[in-house]
Amino acid sequence: MKPEATPQGIVAGSIPLFAGHPSRELLPVDDLQRIISAGWAGRGVGRYLNYGDEQGDSQLIDFLVERFNRNETLGISRENLMIIGGSTGGVGMITQQLTRPGDAVLVDAPSYRDALHIFRDHRLEICPVPIDDDGLVVSDLARMLRRLAAAGKAPRFYYVVPNFQNPSGITMSRERRGAVIELSREYGFAIVEDDVYNDIRFGGPLPPSFYELAGGENVLRLGSFSKTLAPGLRIGWLIASAERVRRFVDSGMLRMGGGANPFSAAVVADYCRSDAWEGHVEWLRGQYRRRRDVALAALDASMPAGVDWTRPAGGYFIWLRLPQSVGVDELEARAQARNVYFASGKGFFVDPVAGAHHLRLSFSFLPRVELQAGIEILGGLIAQITA
Ligand SMILES: Cc1ncc(COP(=O)(O)O)c(C=O)c1O
């Protein structure tokens, strides 16, 4: 009999090293309960249960604008920011408005699996460009752009997860960001910057965002409360030029629906305005950093020679490259027989064959003991296959 699976696809009793979301104890349940109860008692009912403004909850917009201007000297105003149904809702909205079927878009290789899924849904030509430890390889991007131009094509946008990328954990360097912006100006494509891991950083400051480096020109920057509060709230934000924000806000979807998830947005606004969020983010960083350290120590201790992996300074993920003699399909089958589940590298490439020797491990979900145990089992299985 097939073992029971939870809504996130987690098989009961298994070690889900693939699960890229927070575990139960990392969600601020009591604080949210308190905020919601107080909200009901105050001006909540109208605000919580009715249609909202098309641009999103105005208190949340004000909070985020002030935070970005304080922390990043971004110099934005409320016309530059709108509330969206999670970063995913933003990627869908942008793709719908900026592309037609058959248009080309640029992505990293590997790139975030679910963004690739959205681009496939829209029947786009997805053009992958390799990354290395500093992010996108600019010479390969230039080659891809020349090739597309020779075929009479201009990509509509470049989709990038600039910080602690999903799946690799890699952060793109400032120099590379600058070089990509120059090429975007030369070839006229937009940059869609999906920055959901920005706040989950364990070390020093990050390079400036594409949005900041480009002075806001032709960059659409997405963020989310999924990684720093709770993914079930489905609340994120988009920062872009005032004209672009106006066009998105004027879409039929937002006009009819009264803004993105008004109930959740009002709860998030109340939570943030209670000053609870910054402390929670700081606490989360410590929790995730410890899990990252446990995972890296377990990899150091149990992986046989020939396996390489990234050492992310934030985010949720570690990316492994297996020796050529170890196929990810065989490892996956053997791991599942031992009740260990990881994300195969194949889903993160436009051509799955490119990921046939890669896999993604997540350290966001599992407590220390299971994280260690799962990685030890994987190390043992790889050693068996290579023996
Ligand atoms: C790069 C990236 N973008 C977006 C998301 C989803 O964000 P949201 O829950 O805000 O839709 C994830 C979650 O795994 C992600 O890794």
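Helices (H or I, at least four residues) and strands (E, at least two) are taken here as DSSP runs, numbered from the N terminus. The model is a predicted one, so local features need pLDDT of at least 70 and side-chain atom pairs count only at pLDDT 80 or more, while totals for chains, interfaces and linings use all residues. Residues are numbered from 1 along each chain as its sequence is written, and side-chain values use heavy atoms, with hydrogens and water left out.

On that basis, the secondary structure of the chain comes to 13 helices and 14 strands. As for overall dimensions, the C-alpha atoms fill a box of roughly 65 × 55 × 45 Å along the principal axes. The radius of gyration (taken over C-alpha atoms; the globule rule is 2.2 Å times the number of residues to the power 0.38) is 21 Å, which agrees with the value near 21 Å for a compact globule of 387 residues.

Then there is the ligand. The space that it takes is the largest pocket. A pocket is, on a 1 Å grid over the protein atoms alone, an open set of points where a 1.4 Å probe fits, with protein on both sides within 12 Å along at least five of seven lines; a molecule sits in one if more than half of its atoms lie within 2 Å of its grid points. Around the ligand are 14 residues, of which Thr-88, Tyr-197, Ser-224, Ser-226 and Lys-227 come nearest (a residue is near if one of its heavy atoms lies within 4 Å). Helix 3 (residues 86-98) gives the largest share of this shell, three residues. By type, the shell splits into five nonpolar, six polar and three charged residues, where Ala, Val, Leu, Ile, Met, Phe, Trp, Tyr, Cys and Pro count as nonpolar, Asp, Glu, Lys and Arg as charged, and the others, Gly among them, as polar.

Three side chains make polar contacts (pairs of N or O atoms within 3.5 Å) with ligand oxygen atoms: Ser-224 at 2.6 Å, Asn-166 at 2.8 Å and Lys-227 at 2.9 Å. The protein covers 93% of the 400 Å² of accessible area that the ligand has on its own (Shrake-Rupley method, 1.4 Å probe).

Asn-166 turns up again in the backbone, where a cis peptide bond joins it to Pro-167, with omega about 25°. Pro-167 sits in the loop between strand 6 (157-160) and helix 6 (174-187). Another cis peptide bond joins Ala-109 and Pro-110, with omega about 10°; Pro-110 is in the loop between strand 3 (104-109) and helix 4 (113-121). Finally, Asp-275, a residue other than glycine, has a positive phi near 70° and lies in the loop between helix 10 (262-273) and helix 11 (276-302).

Definitions and conventions:
A polar contact is a pair of N or O atoms within 3.5 Å; within protein, one must be able to donate a hydrogen and the other to accept it, and residues adjacent in sequence count only if both atoms are side-chain atoms. On a 1 Å grid over the protein atoms alone, a cavity is a set of points where a 1.4 Å probe fits but cannot get out, and a pocket is an open set with protein on both sides within 12 Å along at least five of seven lines; lining residues have an atom within 4 Å of a point.
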